[in-house]
Amino acid sequence: MAISPKPDLLSTSLADLQQLCTKLGQPAYRARQVYDWLWRHGARQFDDMTNIPATLRQTLADHFTLSGLTEDVRQESADGTIKTRYRLQDGRFIETVIIPVREDRRATACVSAQVGCSLTCSFCATGKMGRIRNLTASEIYDQAFLSARQSLELLGYPLTNIVYMGMGEPLLNFGPVMESIRLITSPDGMGWSPKRITVSTAGIAKMIRRLADEQVKFNLALSLHAADDEKRNQIMPINETNQLASLMESLEYFYQMTKGRISYEYIALRGFNDTLPDADRLIKLCRRQFPVRVNVIEYNPVEGVDFQKSDEATIDRFARRVREKGVMITVRRSRGKDIDAACGQLANKAG
Ligand code: SF4
């Protein structure tokens with residue numbers, strides 16, 4: 001599909017819209033109305049802007065595009081997990097997952113930051129796609145916005161959390177990711193508290209420091225998956241240039257500057273990182289100058305990958321050992337496996 005030469009209205013700031021309205025002889029409040037339609041109401045068709053005069057809507061349509069996401073395939077897992085594949089304006093696809101916990105009336109949207117991913121973690125289906133392109137801020141925002149709507153419609157209660165843990169490495173698409181969070185947390189957008197948002201990274205020390213310098217208010221998750229460099233190098237090539245010592249220093253700095261919540265994601269891989277010596281290395285890594293919570297995640301099979309999931313008893317033994325040493329640790333049973341919506345499985349396979 002050819003990309004339209006017209007600029008995207010979703011990349012236009014409120015100040016630019018105000019200038020445009022002045023130029024078109026429109027009252028200043030029109031800019032605010034259009035902006036509200038775009039972000040607070042999520043309008044992705046000019047005709048949705050019902051209180052904007054038809055002539056202005058037409059002028060906007062003549063000069064701008066509106067690059068919304070189109071729902072392509074939606075799947076629901078037996079456990080209630082909802083995976084939606086969206087088509088982007090250029091014909092590419094991304095996936096967004098909602099993980100509900102109905103008994104607590106909680107629902108977490110897992111949003112993508114890139115089409116594919118360049119980091120080639122060996123256990124991950126997205127990494128096998130390679131990086132195709134970065135998402136724009138609005139493409140990320142729209143996943144959150146549409147997930148909030150889906151949560152109300154399909155689950156009957158509001159979305160409670162957003163995690164940047166879908167396809168791609170968020171910190172390698174820094175500007176658009178930050179802008180999407182600004183919009184999600186702005187009263188001009190979804191008006192969310194940043195405390196309900198978690199950005200997950202495979203671990204890029206320089207970028208974690210940048211988050212610290214920007215004094216962000218959201219939570220940070222490190223996809224750790226192994227507590228020593230040798231093993232981590234084997235499964236996450238990014239570790240070769242971002243060794244654990246430098247990652248730990250960057251996390252300490254992040255905590256110093258933001259006091260934000262930090263967690264480690266740890267996918268349990270049978271015989272690789274689930275032994276008691278692995279648990280001891282993890283405990284050691286958790287003894288730093290910042291509080292941390294560990295989330296152990298069940299591994300989900302990915303085609304063409306040799307790893308096996310750890311059995312429940314092994315995971316429980318591992319978690320017990322870590323917990324006994326005073327580290328906060330939670331075991332998360334995998335969700336959405338039957339529809340390839342689980343951690344590390346997103347690869348636009350549906351349909
Ligand atoms: S685990 Fe995350 S960072 Fe690693 S390849 Fe998959 S999407 Fe990329």
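Which residue in E2 is the bridge partner of Arg74? Select Arg74 to begin; its partner in E2 is Thr84. The model on display is a predicted one.

**The first hairpin**

Extend the selection to strand E1, residues 70-76, and strand E2, residues 82-87; these strands run antiparallel and are joined by six bridges. Five residues lie between the two strands of this hairpin, where Gly80 takes a positive phi near 95°.

Next, display the side chains of Arg85 and Asp72. They form a salt bridge, in which the closest N and O atoms are 2.7 Å apart. Arg85 belongs to strand E2 and Asp72 to strand E1, and the two are 13 residues apart. In general, side chains of opposite charge can pair when their charged atoms come close. Across the whole structure, a search finds 21 salt bridges.

**The sheet**

Now select the 10 strands of the open sheet, in the order E1-E2-E3-E4-E7-E8-E9-E10-E11-E12; their pairing is mixed. E1 and strand E12 (328-332) stand at the edges with a single partner strand each, so one side of each has no neighbour in the sheet. From one strand to the next, the twist averages 20°.

At the E12 edge, select strand E11, residues 292-298, which pairs with E12 in the parallel sense over five bridges. Ile297 has Arg332 in E12 as its bridge partner. Helix H5, residues 174-185, packs on the sheet and touches strand E7 (161-164) and strand E8 (197-201); the direction of H5 makes about 175° with that of E7.

**The ligand**

Turn to the ligand and select the residues around it: Cys117, Leu119, Thr120, Cys121, Cys124, Thr126, Gly127, Gly168 and Ala202. This shell divides into five nonpolar residues, four polar residues and no charged residues.

**Two helices**

Select helix H6, residues 205-213, together with helix H8, residues 244-258. Their axes come within 8 Å and cross at roughly 5°. H6 is therefore roughly parallel to H8. Among the residues that meet here are Ile208, Arg209 and Leu211 in H6, and Leu247, Glu249 and Phe254 in H8. By class, this contact of H6 with H8 has nine nonpolar, three polar and three charged residues.

Finally, select Tyr255, which is also placed in helix H8. Leaving aside neighbours within four places in sequence, Tyr255 is in contact with Gly260, Ile262, Gln289, Phe290 and Pro291. To close the tour, select Gly156 as well: the C-alpha atoms of Tyr255 and Gly156 are separated by 36 Å, and the two residues are 99 residues apart along the chain.

Note on methods: Residues are numbered from 1 along each chain as its sequence is written. This is a predicted model: local features need pLDDT of at least 70, side-chain atom pairs count only at pLDDT 80 or more; totals for chains, interfaces and linings use all residues. Side-chain values use heavy atoms; hydrogens and water are left out. Two strands pair if DSSP finds at least two bridges between them. Helices (H or I, at least four residues) and strands (E, at least two) are DSSP runs, numbered from the N terminus. A residue is near a molecule or strand if one of its heavy atoms lies within 4 Å of it. Ala, Val, Leu, Ile, Met, Phe, Trp, Tyr, Cys and Pro count as nonpolar, Asp, Glu, Lys and Arg as charged, and the others, Gly among them, as polar. Axes are lines fitted to C-alpha atoms, for helices over the stretch in contact, and angles run from 0 to 180 degrees between N-to-C directions. Angles under 35 degrees count as roughly parallel, over 145 as roughly antiparallel, 65 to 115 as roughly perpendicular and the rest as oblique. Contact means heavy atoms within 4.5 Å. A salt bridge is a side-chain nitrogen of Lys or Arg within 4 Å of a carboxyl oxygen of Asp or Glu.
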